[in-house]
Amino acid sequence: MKRRTRLRVRGTGDFMSEENTTIKEKSLRGRMLGEILISLGRIKEGDLEDALYASKQSHQRLGEYLLNQNIISEDDLLRALSLQLGLEYREELIVGSEVALTTPLSKNYIKRYNVLIISENADEVELALNDPFLFDVIENVRVFTGKEVKPILAKKLDILRIADIIAGDEVKKERSIEEESIGIGSLRLMDEEGQLEESALDLANEAPVIKLVNLMITEALKERASDIHIEPSEDGVTVRYRIDGVLYNVLSPPKRYQQAIVSRIKIMANLNIAENRLPQDGRIRIKFGANDVDIRVSIVPSVVGERVVMRLLVKDEKRFSINHLGMRDELLKEFKDLLKIPHGIIIVSGPTGSGKTTTLYAAIKEINSTEKNIITIEDPVEYRIKGISQIQVNPKIDLTFANGLRSILRQDPEVIMVGEIRDRETAEIAVQAAMTGHLVLSTVHTNDAASGIVRLLDMGIEPYLIASTVNAFLSQRLVRVLCEYCKKPIYLDKDILIHEGINPELFKERQVYKAIGCSKCQNTGYHGRIGIFEMIKVDESIRKMIVSRKDASYIRDACVRNGMKTMLDDGIEKVLEGITTIDEVLRVIRE
């Protein structure tokens, strides 16, 4: 006996219909997809040839490649396909008037092929699908139902959302499908006083929203994302992942789900779900496979709703190995030797997201032993390290870097890590700690190693104190590593290298690579990141320059003349070794 499911589905903003199909749109029917996208203004004519070549190399259809590269959106692709094939595209599937489905597809089949029967009559079924070229699936549905199939293009997320409603009795047997539909249809944003509507709170605990948020997190972890951004706009919501330092669009949930998604995240992070006018910070702890994952949650209000950023912190022991940071052998030996000195300061510099904290953690892990008392003060504590005492900065109770550092000095430590030297007071205490026989590791936000010296001088630290306590200034960036499966050899243009101030002789008759993109690297051309570094060891000549208050460019030039390898030099070495691309090195150097 066939199961009978009652469902209400209708489309909004149907793109292809006789009433709204323009003459121009009709003229595009049957044309090549690339031509249609150019006509719609979604890609430039000059970029089509490169896209066709790259899609062929990565064994993808053109539309699939452009979508995976975030060159076009899912909406752009489906609109173009509807014009090309003459199929109806429903921008959004929402719950509508009740329709009886006597032949629903199985949940596994729906999720495997992203297809869903959304209505039927005596002779025909409407089949929502995300890929119109699934001819075998369409034929299977025709045989299964015994009726003609009318394909309807729809977004993948909409299909899965409606499928979850159909399967609601499998998730919560006590709830009927009608109740699920009412819950979703009644979602509103805010009342006049700016308070959370009860329906939104209810929806935050419903199966579809829980599944959607869980899907965001698990997919982000699978794709090695470091951050999830949930960004509202006037007419929608965009979900983006930061993968290897670059943001990619991945989802566009309907606007009406915005508040429910944020509420669900607040519940998971134990935040105040009724507060939507002030920023909030929280933490979620989950288990993903064999790994423990800490998720730092930051929520800030905006004029179009609350914006969420989730930082995914996966505990990975290999990540904190000093041997896996990317330091060349000579630099690695020098850095390890510096860590053996029992007193002094080592400053790591770079912009936000350049891997400074990871380098400090790796350094601590390198020198950690039962004979040493190591204490850190951080804002926030990103990773827990076994055997290390870690303190979280808390300005609300006046636990600042400076106050915490004073207390740490009374705890008899050998090694102190200060998350960041932000002000003169913290810098002065760090200098005092180094002068009294402690090894201090910390960071500052500067562009290169020489600028770290000037930054301390600008804070008001006496030059002779910097010269006598700081052992080294290390600066770094993170560059993306080429995917081994799809990188392609190229020869660099001499004029381009000269324009960038790079000696073309370095690349003479040397083969380097460029990023292409394949299924192994999510079509980015890269997989993972590695550091590029430069380090100034404070020797007698550097001390004289510090005491003389020489500027950063003078110190940098002197160090280069004395044999220092800059971050650009280190990056070029990694380009010549086939690890990364010259474009990637120049991109991060300019940050």
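**Exercise 1. Decide how far strand β20 is enclosed, and find its partner.**

Start with burial: nine of the 12 residues of strand β20 (residues 526-537) are buried, so the strand is largely enclosed by the rest of the structure. Bear in mind as you work that this is a predicted model. Next, look for the pairing: strand β17 (residues 470-482) runs antiparallel to β20, and 10 bridges join the two. To check the register at one point, take L482, whose bridge partner in β20 is Y526.

**Exercise 2. Work out the strand order of the six-stranded sheet, and say which helix packs on it.**

Step one is the order: the six strands run β8-β7-β6-β11-β10-β9 in an open sheet with antiparallel pairing. Step two is the edges: β8 (246-251) and β9 (280-288) each have a single partner strand, so one side of each is left without a neighbour in the sheet. Step three is the twist, which averages 20 degrees from one strand to the next.

Now zoom in on one edge. Strand β10 (residues 291-302) pairs with β9 in the antiparallel sense over nine bridges. Here Q280 has I299 as its bridge partner in β10. Finally, add the helix: α13 (residues 258-268) packs on the sheet and touches β6 (225-232), β7 (237-243), β9, β10 and β11 (305-314). The direction of α13 makes about 45 degrees with that of β11.

**Exercise 3. Describe helix α5: its span, its burial and what follows.**

Take the span first. Helix α5 (residues 74-85) has 12 residues and reaches 16 Å from its first C-alpha to its last, close to the 16 Å expected at 1.5 Å a residue. Then turn to its surroundings: nine of the 12 residues are buried, so α5 is largely enclosed by the rest of the structure. Among the buried residues are D76, R79 and Q84, along with L77, L78 and L81. Just after the helix comes G86, with a positive phi near 70 degrees.

**Exercise 4. Find the aromatic pairs and compare their settings.**

A pair of aromatic rings is described by the distance of the centres and the angle of the planes. A search of the whole structure gives two such pairs. For F133 and F135, the ring centres are 6.2 Å apart and the planes stand at 80 degrees, so this pair is edge-to-face. F133 counts as partly exposed at 30% relative accessibility, while F135, at 56%, counts as exposed.

For Y361 and Y383, the centres are 6.0 Å apart and the planes at 85 degrees, so this pair is edge-to-face. Y361 lies in helix α15 (residues 356-367) and Y383 in the loop between β13 (374-378) and β14 (389-392), so the pair ties together parts that are 22 residues apart in sequence. Y361 counts as buried at 1% relative accessibility, and Y383 counts as buried at 5%.

**Exercise 5. Locate the lysines that lie over tyrosine rings.**

Begin with K520: its charged end sits over the ring of Y485, 5.1 Å from the centre. Then look at K550, which lies over the face of Y554 at 4.9 Å from the ring centre.

**Exercise 6. Place I159 in its surroundings.**

First, assign the element: I159 belongs to helix α8 (residues 156-166). Second, check burial: the relative accessible area of I159 is 0%, so the residue is buried. Third, list contacts beyond four places in sequence; they include I110, V115, L116 and L129. Last, compare sequence with space: I159 and E92 are 67 residues apart in sequence and 9.4 Å apart from C-alpha to C-alpha.

Technical notes: Residues numbered from 1 in each chain as written. Predicted model: local features only at pLDDT ≥ 70, side-chain atom pairs only at ≥ 80, totals over all residues. Heavy atoms only, no water. Helix = DSSP H or I, 4+ residues; strand = E, 2+ residues; numbered from the N terminus. Expected span 1.5 Å × (residues − 1). Buried < 20%, exposed > 50% of the residue type's maximum accessible area, 1.4 Å probe, protein only. Phe/Tyr/Trp six-rings, centres within 6.5 Å; stacked < 30°, edge-to-face > 60°. Lys NZ or Arg CZ within 6 Å of the ring centre and 35° of its normal. Contact = heavy atoms within 4.5 Å. Pairing = 2+ DSSP bridges. Axes fitted to C-alpha atoms, helices over the stretch in contact; angles between N-to-C directions.
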